[in-house]
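Here's a walk through one small model, written for someone who likes to see the numbers next to the picture. Have a look at the structure first, then read on.

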Amino acid sequence: MEYQAMLAWALPMGVGLAAVGSGLGLGRAVGYAMEAIGRQPEASGKIQTAMIIGAALIEALTIYALVVFFLMFGKITG
């Protein structure tokens, strides 16, 4: 099997895994943040700020996976 065929199969799988992992991580982070706000409404500002920063970092990993996808896609077509 040529490396282009392996990349053509592996790249979408990798991005899909990154998206699934990101979705699961974001779901847990937001769920626990909402639970924490429900328990301590007076700390909602701090909890929400920490949740947004965490969500941005989780999403950044998915965006990195997408960037790697496009970089490696050039190896397939080039």
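What follows goes from the overall shape to the pairs and patches of side chains.

**The overall picture**

Keep in mind that this is a predicted model. The fold is simple to list: the protein has two helices and zero strands. Helix α1 covers residues 3-39, and helix α2 covers residues 44-77.

How does the radius of gyration of the protein sit against that of a compact globule of 78 residues? The globule would come out near 12 Å, whereas the protein has 18 Å. The C-alpha trace tells its own part of the story, with spans of about 60 × 15 × 10 Å along the principal axes.

Burial is worth a glance too. Of the 78 residues, 13% are buried. The protein exposes about 5,700 Å², and 73% of that comes from carbon and sulfur atoms.

**Contacts across the sequence**

Take the contacts between residues at least 6 apart in sequence: 74% of them join residues at least 24 apart. A few C-alpha pairs give a feel for distances in sequence and in space.

| Pair | Apart in sequence | C-alpha to C-alpha |
|---|---|---|
| Met13 and Phe69 | 56 residues | 10.0 Å |
| Leu61 and Gly21 | 40 residues | 9.7 Å |
| Ala36 and Ile47 | eleven residues | 7.5 Å |

Some context for the residues in that table. Met13 sits in helix α1, and its relative accessibility of 45% makes it partly exposed. Its partner in the table, Phe69, belongs to helix α2, so that row reaches from one helix to the other. Leu61 is also in helix α2 and counts as exposed, at 57% relative accessibility. Ala36 is back in helix α1; with 27% relative accessibility, Ala36 is partly exposed.

**The aromatic cluster**

Now for the rings. A pair of aromatic rings is described by the distance of the centres and the angle of the planes. The count here comes to two aromatic pairs. Phe69 and Phe70 make an edge-to-face pair, because their planes stand at 70°, over the 60 degrees that this label needs, with ring centres 5.2 Å apart.

Why does the pair of Phe69 and Phe73 count as stacked? Their planes are at 25°, which is under the 30 degrees cut-off, and their centres are 5.9 Å apart, which is within 6.5 Å. Phe69 and Phe73 are four residues apart in helix α2, so about one helical turn separates them.

Together, Phe69, Phe70 and Phe73 form one aromatic cluster. Is each ring's residue buried, exposed or partly exposed? Phe69 is buried, because its relative accessibility of 19% falls under the 20% cut-off. Phe70 is exposed, with 53% against a cut-off of over 50%. Phe73 lands in between and is partly exposed, at 38%.

So Phe69 is the residue to click on if you want to connect several of these threads: Phe69 pairs edge-to-face with Phe70, stacks with Phe73, and has its C-alpha 10.0 Å from that of Met13.

**A nonpolar patch**

On the surface, Ile63, Val67 and Leu71 make a nonpolar patch of about 290 Å². Leu71 lies in helix α2. With a relative accessible area of 59%, Leu71 is exposed.

**The salt bridge**

Side chains of opposite charge can pair when their charged atoms come close. How many salt bridges does the count come to? The count comes to one salt bridge. Glu35 and Arg39 form it, and their closest N and O atoms are 2.9 Å apart, which is within the 4 Å that a salt bridge calls for.

Both residues lie in helix α1, four residues apart, or about one turn of the helix. What about their exposure? Glu35 is partly exposed, at 37% relative accessibility, while Arg39 is exposed, at 66%.

Notes:
Residues are numbered from 1 along each chain as its sequence is written. This is a predicted model: local features need pLDDT of at least 70, side-chain atom pairs count only at pLDDT 80 or more; totals for chains, interfaces and linings use all residues. Side-chain values use heavy atoms; hydrogens and water are left out. Rings of Phe, Tyr and Trp (its six-membered ring) pair if their centres lie within 6.5 Å; planes under 30 degrees apart count as stacked, over 60 as edge-to-face and the rest as tilted. Buried means under 20% relative accessible area, exposed over 50%, partly exposed in between (1.4 Å probe, protein chains only). Patches are made of residues with over 30% relative accessible area and no salt bridge: like charges are joined within 9 Å, nonpolar side chains (Val, Leu, Ile, Met, Phe, Trp, Tyr) within 5 Å. Accessible areas come from the Shrake-Rupley method with a 1.4 Å probe; for residues, only the protein chains shown count as cover. A salt bridge is a side-chain nitrogen of Lys or Arg within 4 Å of a carboxyl oxygen of Asp or Glu. The radius of gyration is taken over C-alpha atoms; the globule rule is 2.2 Å times the number of residues to the power 0.38. Contact means heavy atoms within 4.5 Å.
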